[in-house]
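Biologist: I would like to learn how to read a model like this one, feature by feature. Please give the general idea and then the case at hand.

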Amino acid sequence: MSGKNWDRVPIDAQSVDAPLSQSAIFLVVTVAADKAALARVCSVLGELDDLVKNVGFRDLGGRLSCIAGIGRDLWDRLNASQRPVELKPFAAIKGAVHSAPSTPGDLLFHIRAERPDMCFEFERILLDRLGVGVTVVDEVNGFRYFDARDLLGFVDGTANPTGLDLPASALVGDEDASFAGGSYVVVQKYLHDMQAWARIPTPEQEAIIGRTKIDNIEIDDDDAPRKSHKSLATIEDADGNEFDILRDNMPFGRPGQNEFGTYFIGYSRYLWVIEKMLQRMYVGDPPGAYDRLLDVSTPHTGTTFFAPTRPMLQALVEGAQK
Ligand code: HEM
C-alpha cells in the first residue's frame with residue numbers, strides 16, 4: 001500500500017490500491033517483434049511514473065493513476081532471469097453452453113481518473129511515446145454509472161476487499177518473494193444482450209446475480225436450486241478460507257450502435273483464484289449449472305498480465321536494455 005494522501009501528490013504508477021474512479025481507459029497493445037520496438041517500450045515503461053506525474057499534477061483532484069500489466073510473451077522477451085510463478089497466457093475456457101476466448105495482449109494500461117479528459121490526455125501522450133512499434137488491439141472507455149452500477153442495473157464491486165484485506169487478496173506475498181507486491185491482472189470485455197436481460201423479471205435477475213437490485217442486499221442462496229453469480233465467484237479452500245480478488249469493472253457502450261458492455265478487470269495475489277472463478281462460472285457448480293449471467297453477457301476478449309511494483313518494473317526494463 002502506498003499510504004499516500006492522494007489529494008496532495010500524484011499517484012505513483014503501479015498503485016493497485018489507487019482509488020476507484022469515475023472514468024477509466026483499458027488499453028491493450030501488442031509489441032512488434034523487432035528490437036527497436038522493444039527498446040522503445042522499455043524506455044516508456046521506465047518513465048511511466050513521470051508520465052503519470054506530468055498529467056496528474058495538472059489536477060491533483062483528478063486522481064490520475066496508471067497500472068501497466070505485462071503479458072507472458074513480452075515478459076519472456078525482456079530477458080528477465082525470473083518470471084512470476086503463475087504467469088501464463090489466459091487459458092480459453094469451453095463450457096457446455098458458454099465459452100471464454102483467449103485474445104492477444106503484450107501490455108495492459110489501466111488508466112483511471114475522476115475526469116475522462118485526464119484519462120484521454122494520458123493515453124494520448126502514452127501512445128505518442130510508444131510510437132509505431134505497438135499495435136492497439138483493444139481500447140475501451142469506461143464510465144462510472146450512477147451508484148457504481150453495471151449496465152444490467154446492479155451495483156458492482158460491493159464485495160471487494162478493503163483495508164488490510166486488499167493487499168492480502170490482490171498483492172503477491174512471500175510465496176513468490178521476488179515478485180511480492182505485484183499483482184496478476186485478468187481482463188475480459190463483455191457485451192450484454194440488453195433486450196434479453198430486460199425480458200427476465202427482476203426477482204429472477206436478482207437470483208442470477210445474488211443481490212437485490214434496488215438496494216444491493218446480498219441474497220442467501222445456499223439452498224437455491226442454482227447458484228448465483230456471487231456464489232459461483234466465491235472461492236473457498238477445504239478449511240473454509242475465502243479467497244477474494246480486487247475488481248474495478250466499468251460499464252462502457254454506444255447506445256446508438258446497440259453496444260452495452262462491462263469491462264471486467266480483476267487483480268489477484270494468486271492467478272489460480274481468478275481461473276477457478278472462471279471455471280465455476282463457465283463450467284458450473286455442479287457442472288452444467290453455469291453462471292446465468294453468461295446467457296446475456298458474451299466475452300470478446302480474455303487476457304492475463306502481471307503488474308509488477310514500480311521498482312520491479314524499473315529493474316525489469318533497465319535489465320532488458322543492457
Ligand atoms: C459481465 C461481467 C460481470 C458482471 C456484470 C458482474 C457483476 C457482478 C455483480 C453485480 C456482483 C455483486 C456485487 C459485488 O459484490 O460486486 C458481482 C460479484 C462478484 N463478481 Fe462479478 N461480474 C462480472 C464478471 C465477473 C467475472 C468474470 C469474475 C471473476 C473471474 C467476477 C467475480 C466476482 C466476484 C469475486 C464477486 C464477489 C462475490 C462475493 O460476494 O464474494 N465477476 N459481480
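Biologist: In which loop is Asn79 found?

Modeller: A loop can be placed by the elements on either side. This is a predicted model, and in it Asn79 sits in the loop between helix 3 (72–77) and strand 3 (93–94).

Biologist: What is the value of phi at Asn79?

Modeller: Most residues other than glycine have a negative phi. Asn79 has phi near 60°, which is positive, and the residue is not a glycine. Asn79 counts as exposed, because 12 C-beta neighbours lie inside 10 Å and the cut-off for exposed is 12 or fewer.

Biologist: Where is Phe146, and what is its phi?

Modeller: Phe146 is another residue other than glycine with a positive phi, here near 50°. Its place is in the loop between strand 6 (134–143) and helix 5. Phe146 has 8 C-beta neighbours inside 10 Å, so this residue counts as exposed.

Biologist: Which residue just after helix 7 takes a positive phi?

Modeller: That is Gly210, with a phi of about 100°. Within helix 7 (residues 202–209), the buried residues include Gln205, Ala207, Ile208 and Ile209. Helix 8 (229–232) is part of what covers the buried residues of helix 7.

Biologist: Is the peptide bond from Asp285 to Pro286 cis or trans?

Modeller: Omega is the angle to read. Most peptide bonds are trans. The bond from Asp285 to Pro286 is cis, with omega near -5°. Pro286 belongs to the loop between helix 9 (271–282) and strand 13 (297–299).

Biologist: How do the axes of helix 1 and helix 10 meet?

Modeller: Read the approach and the angle together. The axes of helix 1 (residues 35–46) and helix 10 (residues 310–320) come within 9 Å and cross at roughly 150°. Because of that angle, helix 1 is roughly antiparallel to helix 10. The crossing of helix 1 past helix 10 is left-handed.

Biologist: Which residues meet in that pair of helices?

Modeller: From helix 1, Cys42, Leu45 and Gly46 take part, and they meet Leu313, Gln314, Val317, Glu318 and Ala320 of helix 10. By type, the residues of this contact between helix 1 and helix 10 divide into 5 nonpolar, 2 polar and 1 charged.

Biologist: How far apart in space are Ala168 and Ser268?

Modeller: Separation along the chain and separation in space are read side by side. Ala168 and Ser268 are 100 residues apart along the chain, and their C-alpha atoms are separated by 9.1 Å. Ala168 lies in helix 5 (residues 165–170). Ala168 is partly exposed because 13 other C-beta atoms lie within 10 Å.

Biologist: How many angstroms separate the C-alpha atoms of Gly256 and Ala13?

Modeller: The C-alpha atoms of Gly256 and Ala13 are separated by 35 Å, with their positions 243 residues apart along the chain. Gly256 lies in the loop between strand 11 (250–254) and strand 12 (259–268). With 6 other C-beta atoms within 10 Å, Gly256 is therefore exposed.

Biologist: Which residues does Ser99 touch, leaving out those up to four places away in sequence?

Modeller: Ser99 touches Ala92, Ile93 and Lys94 on that count. Ser99 lies in strand 4 (residues 99–100) and counts as partly exposed, with 14 C-beta neighbours inside 10 Å. Ser99 and Asp223 are 124 residues apart in sequence and 27 Å apart in space, taken C-alpha to C-alpha.

Biologist: What is the radius of gyration of the protein, and what would a compact globule have?

Modeller: The value is set against the chain length. A compact globule of 322 residues would have a radius of gyration near 20 Å, and the protein has 19 Å, so the value agrees. Along the principal axes, the C-alpha atoms fill a box of roughly 60 × 40 × 35 Å. Buried residues make up 43% of the 322 residues.

Biologist: How many helices and strands does the protein have, and what percentage of its contacts join residues at least 24 apart?

Modeller: The secondary structure comes to 10 helices and 14 strands. Among contacts between residues at least 6 apart in sequence, 75% join residues at least 24 apart.

Terms used. Residues numbered from 1 in each chain as written. Predicted model: local features only at pLDDT ≥ 70, side-chain atom pairs only at ≥ 80, totals over all residues. Axes fitted to C-alpha atoms, helices over the stretch in contact; angles between N-to-C directions. Helix = DSSP H or I, 4+ residues; strand = E, 2+ residues; numbered from the N terminus. Parallel < 35°, antiparallel > 145°, perpendicular 65-115°, else oblique. Left-handed = near helix turned anticlockwise from the far one by under 90°. Contact = placed C-beta atoms within 7 Å. Nonpolar A, V, L, I, M, F, W, Y, C, P; charged D, E, K, R; others polar. Rg over C-alpha atoms; globule rule 2.2 N^0.38 Å. Buried ≥ 20, exposed ≤ 12 C-beta atoms within 10 Å, placed from the backbone.
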